[in-house]
Amino acid sequence: MSLSEENNLNPNWDLKAARIKSLKDAFYIADFISEVEEDYLLQKISSAPLPLWKSLSHRRLQTYPSPLSLSSNTLLAAPLPAWLTTPIVTPHFDALGLFAESPHKGPNHVLVNEYKPGQGIMPHEDGGAYYPLVATVSLGAGIVLDLYDKEIRDGGDEDDCGGGGGGRRPKFRILQERRSLLVTRDRIYRDYLHGIEERERDEGLSADSICNWDLLREPERYQAGWYTRETRISLTYRDVLKVAKLGNTMKFLNKR
Ligand SMILES: O=C(O)CCC(=O)C(=O)O
């Protein structure tokens, strides 16, 4: 089946039904893109020229349309590449009204992160450069995203669905399957750190420890409580608040 034939809206999508109950400001749609769409995106990412990858110590990264200016968290206005827009933003995000209330009414920035088994990302917050909504599409393999209270505490509350162990305990754990969409916004965006443990396998998986267990496409796959990681790529879509037009930037530079 071709990509355009695949490009249908799924009538079963409904943000209310996708709400992760224990989090409220987070949503999970397991079957967000088809296998054909996933293959297409993976092929686009793997055929990008090598210099587009920035190698970091524990993962590698492509940034579209460009990194923010470090001093002012400003994005130089430029369109996202078409392959990152269709079908994810148009029509899928649009149908969900995901960015309907964001300043630019749509995402203007995408990070492509690649994690090999054993790689991850330290707990961090995305901060004030963005409208407080992140839409993450997972490709290639699943991974567990951990949410932490901003203050470091030992252990968690009784009703946590955090599991794991060792050092700092996550308050919540979200399993993101390949081809899924995870949306975090508002309180979850602002009040928690998020990170991915540097592990070869994710363990301690169960309906009690994984917040979105009831929304998984294949819970039976994780019934044993663990799985071995494989290479996973994420696309994180955001709306950067400050955007500069190239013409204005040039005027500004000429006046200096
Ligand atoms: O890969 C992910 O799901 C998380 C990426 C992330 O934390 C980030 O881009 O800030």
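**Group meeting: strands, a helix and a ligand site**

Let me start with one pair of residues: Ala26 has Thr184 in β10 as its bridge partner. That pairing belongs to a ladder of 4 bridges that join β1 to β10, with the two strands running antiparallel. I should say at once that what we are looking at is a predicted model, and everything that follows should be heard with that in mind.

Before I go further into that region, a few words on the chain as a whole. The protein chain holds 6 helices and 15 strands, and of its 256 residues, 48% are buried. If we take the contacts between residues at least 6 apart in sequence, 82% of them join residues at least 24 apart. The chain exposes about 12,800 Å², and carbon and sulfur atoms supply 52% of that area.

Back to β1, then. Which residues cover its two faces? Ala26 and Tyr28 lie on one side, Phe27 and Ile29 lie on the other, and all of these are buried, so that both faces of the strand are covered. Just ahead of β1, in the loop that connects α1 (3-6) to it, sits Asp25. Is Asp25 buried or exposed? With a relative accessible area of 14%, Asp25 falls under the 20% limit and is therefore counted as buried. A polar atom of the Asp25 side chain lies 3.1 Å from the backbone nitrogen of Arg187. Leaving aside residues up to four places away in sequence, Asp25 touches Arg19, and it also touches Val183, Thr184, Arg185, Asp186, Arg187 and Ile188.

β10 also has β7 as a partner. These two strands pair in the antiparallel sense over 5 bridges, and within that pairing Ala135 has Val183 in β10 as its bridge partner. β7 is joined to β14 as well, again by 5 bridges and again antiparallel, with Thr136 standing opposite Thr236 in β14. As for how covered β7 is, 7 of its 7 residues are buried. Leu133, Ala135, Val137 and Leu139 point one way from the strand, whereas Val134, Thr136 and Ser138 point the other way. As a general reminder, side chains in a regular strand alternate between the two faces of the sheet.

Now to the helix that packs in this region, α4, which spans residues 88-96 and whose buried residues are Ile88, Val89, His92, Phe93 and Leu96. Why do we place these residues on the same side of α4? They cover an arc of only 115° around the axis, and therefore they sit on the same side of the helix. As for what they meet there, the buried residues of α4 pack against several elements, among them β1, β7 (133-139), β10 (181-185) and β14 (232-238). The packing partners also include two helices, α2 (35-46) and α3 (82-85). After α4 comes Gly97, whose phi is positive, near 65°.

Let me turn to another strand, β8, residues 143-149. Because 7 of its 7 residues are buried, β8 is largely enclosed by the rest of the structure. Ile143, Leu145, Leu147 and Asp149 point one way from β8, Val144, Asp146 and Tyr148 point the other way, and all of them are buried. β8 is joined by 5 bridges to β9 (residues 172-176), and the two run antiparallel; here Leu147 has Phe172 as its bridge partner. A further 4 bridges join β8 to β11 (residues 192-196), also in the antiparallel sense, and in that pairing Asp149 stands opposite Tyr192.

That leaves the ligand. How many residues surround it? There are 14, and the closest are Tyr115, His124, His194, Arg232 and Ser234. For three of these I can give you distances to an oxygen atom of the ligand. In the side chain of Tyr115, an N or O atom is 2.6 Å from a ligand oxygen. For His124, a polar side-chain atom lies 2.8 Å from a ligand oxygen, and for His194 an N or O atom of the side chain is 3.0 Å from one. Taken alone, the ligand exposes 290 Å², and the protein buries 95% of that area.

To close where I began, β10 is joined to β1 by 4 bridges and to β7 by 5, and I am happy to take questions on any of this.

Key
Residues are numbered from 1 along each chain as its sequence is written. This is a predicted model: local features need pLDDT of at least 70, side-chain atom pairs count only at pLDDT 80 or more; totals for chains, interfaces and linings use all residues. Side-chain values use heavy atoms; hydrogens and water are left out. Buried means under 20% relative accessible area, exposed over 50%, partly exposed in between (1.4 Å probe, protein chains only). Two strands pair if DSSP finds at least two bridges between them. Contact means heavy atoms within 4.5 Å. Accessible areas come from the Shrake-Rupley method with a 1.4 Å probe; for residues, only the protein chains shown count as cover. A polar contact is a pair of N or O atoms within 3.5 Å; within protein, one must be able to donate a hydrogen and the other to accept it, and residues adjacent in sequence count only if both atoms are side-chain atoms. A residue is near a molecule or strand if one of its heavy atoms lies within 4 Å of it. The arc is that of the directions from the helix axis to the C-beta atoms.
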